[in-house]
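Please walk me through this protein model, from its overall build down to single contacts. Keep the sentences short and give the cut-offs behind each term.

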Amino acid sequence: MKNSGEKLRVSQEGYNEISSWADSPLLELLDQDGFIIIEDYLIYLNFNNRTAVVSTNLELKDQILEGDVSSEDIRLFSFDDDVIGLLEANSPSTLLKSEYNARIMTTYDPLVYTVSSGCNWDKCDNSNDVNNIEIVGTSYSGGIFRYRLEAKHVYQAAGIYFRLLSQSKHMRKPDGGSVTWTAEATSLYLWYDYEYKSKKRNSSLIKRSGQNNVFNNVLEPTYYSSSRGLERFYLKTQFYGEPGGNHGYSPSGQFWQFNLTQIDKGY
């Protein structure tokens with residue numbers, strides 16, 4: 001499914017959702033943008049966030065494609081809802097419009113891009129990768145903003161104190177305006193896989209993998225902190241973030257999801 005500018009609108013999650021319907025008549029009923037008209041209703045199936053967008057105003061099609069669902073003529077329903085039955089009953093939306101552009105499935109993706117520029121054995125971040133740090137979006141109160149996700153994982157050493165951690169930070173600023181970034185809470189996720197052995201006497205090898213998430217401007221899990229350094233370690237991290245949070249959103253449905261190159265010592 002593409003728009004007239006041939007810009008892909010389907011994320012990896014959306015592609016997986018569409019693929020699950022490959023052998024059904026559903027996809028044959030939709031136009032190339034994911035719309036269908038049933039009686040008086042224009043219905044858009046957003047496979048990226050499993051949401052049905054409904055309006056009786058056909059002129060809103062382009063606005064809906066841009067991710068703008070602010071019109072009072074638009075109602076939102078989940079894929080899990082019996083949408084036709086709810087429309088027959090003249091039901092209001094079952095989803096909040098403020099959450100529409102944040103309804104992305106947050107799962108680990110083994111196929112996402114890996115940032116490698118500027119990385120070394122003890123630190124990797126996305127500061128040198130312009131494609132994985134800023135997303136242009138729209139504020140709910142109006143205006144164009146840049147949303148920024150700074151991500152890193154690092155082994156910090158200060159002689160008498162050592163840490164192994166991952167960190168993501170979400171910020172915003174007016175596009176073309178202030179040079180100052182302001183902290184903004186949003187949905188942040190990360191998936192980690194690490195192994196280490198401390199220089200402490202009788203230390204054993206520690207190995208863990210898992211997930212952390214928060215609705216905040218910072219997510220920072222610390223895996224090791226001690227007055228003794230690490231004899232050996234590796235750390236892999238995948239980051240996910242939704243641009244805008246409660247402040248705004250990406251009209252095209254963009255979000256961050258990428259790996260940082262593994263950092264390691266002794267492997």
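Is the link of C119 and C124 right-handed or left-handed? The link is right-handed, with 40° about the S-S bond. The sulfur atoms of C119 and C124 lie 1.9 Å apart, and a disulfide is a pair of cysteine sulfur atoms within 2.5 Å. A disulfide is a covalent bond between the sulfur atoms of two cysteines. The structure holds 1 disulfide. Its two ends differ in cover. C119 counts as partly exposed because its relative accessibility is 23%, while C124 is buried at 1%. Here buried means under 20% relative accessible area, exposed means over 50%, and partly exposed lies in between, with a 1.4 Å probe and protein chains only.

Some ground rules come next. The model is predicted, so local features need pLDDT of at least 70 and side-chain atom pairs count only at pLDDT 80 or more, while totals for chains, interfaces and linings use all residues. Residues are numbered from 1 along each chain as its sequence is written, and side-chain values use heavy atoms, with hydrogens and water left out.

Now the whole protein. It has 4 helices and 17 strands. These are DSSP runs numbered from the N terminus: helices are H or I with at least four residues, strands are E with at least two. The C-alpha trace spans about 75 × 45 × 35 Å along its principal axes. Of the 267 residues, 44% count as buried. The accessible surface comes to about 13800 Å², and 47% of it belongs to carbon and sulfur atoms. That area comes from the Shrake-Rupley method with a 1.4 Å probe; for residues, only the protein chains shown count as cover. Among contacts with a separation of 6 or more, 62% join residues 24 or more positions apart. Contact means heavy atoms within 4.5 Å.

Turn to the strands. Strands of a sheet pair through backbone hydrogen bonds, either parallel or antiparallel. Two strands count as paired if DSSP finds at least two bridges between them. β3 covers residues 51-55, and 5 of its 5 residues are buried. T51, V53 and S55 point one way, A52 and V54 the other. β3 has an antiparallel pairing with β2 (residues 41-46) over 5 bridges. There, N46 stands opposite T51. The β2-β3 hairpin has 4 residues between the strands, and R50 takes a positive phi near 55°. β3 also pairs with β4 (residues 74-78), again antiparallel over 5 bridges. V53 of β3 stands opposite L76 in β4.

A further sheet is open and has 5 strands, in the order β5-β17-β15-β11-β12, with mixed pairing. β5 (114-115) and β12 (206-216) stand at the edges, each with a single partner strand, so one side of each has no neighbour in the sheet. β11 and β12 run antiparallel and are joined by 11 bridges. S187 has F215 in β12 as its bridge partner.

What fills the interior? In soluble globular proteins, nonpolar side chains tend to be buried together. The largest nonpolar core has 26 residues, of which L164, Y196, Y223, L230, F233 and F258 touch the most other members. Such a core is a set of buried Ala, Val, Leu, Ile, Met, Phe, Trp, Tyr and Cys residues joined through side-chain atoms within 4.5 Å. L164 has contacts beyond four places in sequence that include V154, Y196, Y223, L230, F233 and I263.

Aromatic rings add another layer. Rings of Phe, Tyr and Trp (its six-membered ring) pair if their centres lie within 6.5 Å; planes under 30 degrees apart are stacked, over 60 edge-to-face, the rest tilted. The count comes to 19 aromatic pairs. One of them joins Y192 and Y223: tilted, 5.2 Å centre to centre, 45° between the planes. This pair links β11 with β14, 31 residues apart. Both Y192 and Y223 are buried. Elsewhere, ring pairs link Y108, Y189, W191, Y240 and F255 into a cluster.

Last, A151 leads back to the disulfide. A151 is found in β8 and counts as buried because its relative accessible area is 2%. Leaving out residues up to four places away in sequence, A151 touches several residues, including C124, F239 and F258. The C-alpha atoms of A151 and V218 are separated by 9.9 Å, with their positions 67 residues apart along the chain.
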